[in-house]
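Work through the following exercises with the model in view, and try each task before you read its solution.

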Amino acid sequence: QHGCWWNRDIGKIAEDSGLEVISTKRKHFGTTWSLELALPAEAKGVNRQQWLEDTRHKIAVQQAEVAQAHVEWKERMRKQEEARRKEEDLEAWRREQREQMKPKES
């Protein structure tokens with residue numbers, strides 16, 4: 001999974017990973033990150049493989065929550081747009097009715 005992954009908070013992703021951030025360097029006006037990460041002290045005494053699996057699971061759960069929140073946000077935006085369009089249609093209909101009610105000049 002390499003390549004451009006724009007508009008992500010890399011620092012927050014590193015913090016949320018469960019790993020200890022040893023150092024952070026940024027180049028190219030902040031668009032390129034170089035992170036040195038290590039297992040946190042609490043993970044050094046436990047089964048490394050189990051800790052990694054637990055951490056991956058936590059990250060997957062967070063990603064699923066973010067994806068669900070995005071879907072819900074898109075649905076709210078769709079409904080707002082639909083309501084706006086209905087309001088515009090209703091206003092156009094009202095204008096049309098007012099025009100029809102005006103007396104015709106001969």
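## Exercise 1: A salt bridge in a helix

At 36% relative accessibility, Glu 82 counts as partly exposed, where buried means under 20% relative accessible area, exposed over 50% and partly exposed in between, with a 1.4 Å probe and protein chains only. The structure is a predicted model, in which local features need pLDDT of at least 70 and side-chain atom pairs count only at pLDDT 80 or more, while totals for chains, interfaces and linings use all residues. Residues are numbered from 1 along each chain as its sequence is written, and side-chain values use heavy atoms, with hydrogens and water left out.

**Task.** Find which residue meets the side chain of Glu 82 in a salt bridge at 3.4 Å, N to O.

**Solution.** Begin with the general idea that side chains of opposite charge can pair when their charged atoms come close. A salt bridge is counted when a side-chain nitrogen of Lys or Arg is within 4 Å of a carboxyl oxygen of Asp or Glu. With this rule, the residue that meets Glu 82 is Lys 86, at 3.4 Å from N to O. Next, place the pair: both residues lie in helix H2, four residues apart, which is about one turn of the helix. Helices here are DSSP runs of H or I with at least four residues, strands are runs of E with at least two, and both are numbered from the N terminus. Lys 86, at 53% relative accessibility, counts as exposed. Finally, look beyond the pair, and you find a network of salt bridges that links Glu 75, Arg 78, Glu 82 and Lys 86.

## Exercise 2: The salt bridges of Arg 84

**Task.** Work out how Arg 84 is placed relative to Glu 81 and to Glu 88.

**Solution.** Take Glu 81 to start with: Arg 84 forms a salt bridge with this residue, and the closest N and O atoms are 2.3 Å apart. Because Arg 84 and Glu 81 are three residues apart in helix H2, they are separated by about one helical turn. Now turn to Glu 88, whose side chain meets that of Arg 84 in a salt bridge at 2.3 Å, N to O. Arg 84 and Glu 88 are four residues apart in H2, again about one turn. Then check the accessibility of each partner: Arg 84 is partly exposed at 37%, Glu 81 is partly exposed at 28%, and Glu 88 is partly exposed at 42%. The whole structure holds 10 salt bridges.

## Exercise 3: The span of helix H2

**Task.** Compare the span of H2 with the value expected at 1.5 Å a residue.

**Solution.** The expected span is 1.5 Å times one less than the number of residues in the helix. H2 has 54 residues, and its expected span is 80 Å. From its first C-alpha to its last, the helix reaches 79 Å, which is close to that expectation. As for confidence, pLDDT is the predictor's own score for each residue, from 0 to 100. Among the elements of the chain, H2 (residues 48-101) has the highest mean pLDDT, 90, and H1 (residues 10-16) the lowest, 83. The chain averages 84, and 91% of the residues score at least 70.

## Exercise 4: The hairpin

**Task.** Describe how strands E1 and E2 pair, and find which residue in the turn has a positive phi.

**Solution.** Two strands count as paired if DSSP finds at least two bridges between them. E1 (residues 20-27) and E2 (residues 32-38) pair in the antiparallel sense over seven bridges. To follow the pairing, note that Glu 20 stands opposite Ala 38, and that Val 21 stands opposite Leu 37. Four residues lie between the strands of this hairpin, and His 28 in the turn has a positive phi of about 55°. His 28 is a residue other than glycine, and at 52% relative accessibility it counts as exposed.

## Exercise 5: A buried serine

**Task.** Is Ser 17 buried or exposed, and which residues does it contact beyond its neighbours within four places in sequence?

**Solution.** Ser 17 is in the loop between H1 and E1. Its relative accessible area is 11%, so Ser 17 is buried. Leaving aside neighbours within four places, Ser 17 is in contact (heavy atoms within 4.5 Å) with Thr 55 and Ile 59. Thr 55 is one of the buried residues of H2, together with Trp 51 and Leu 52.
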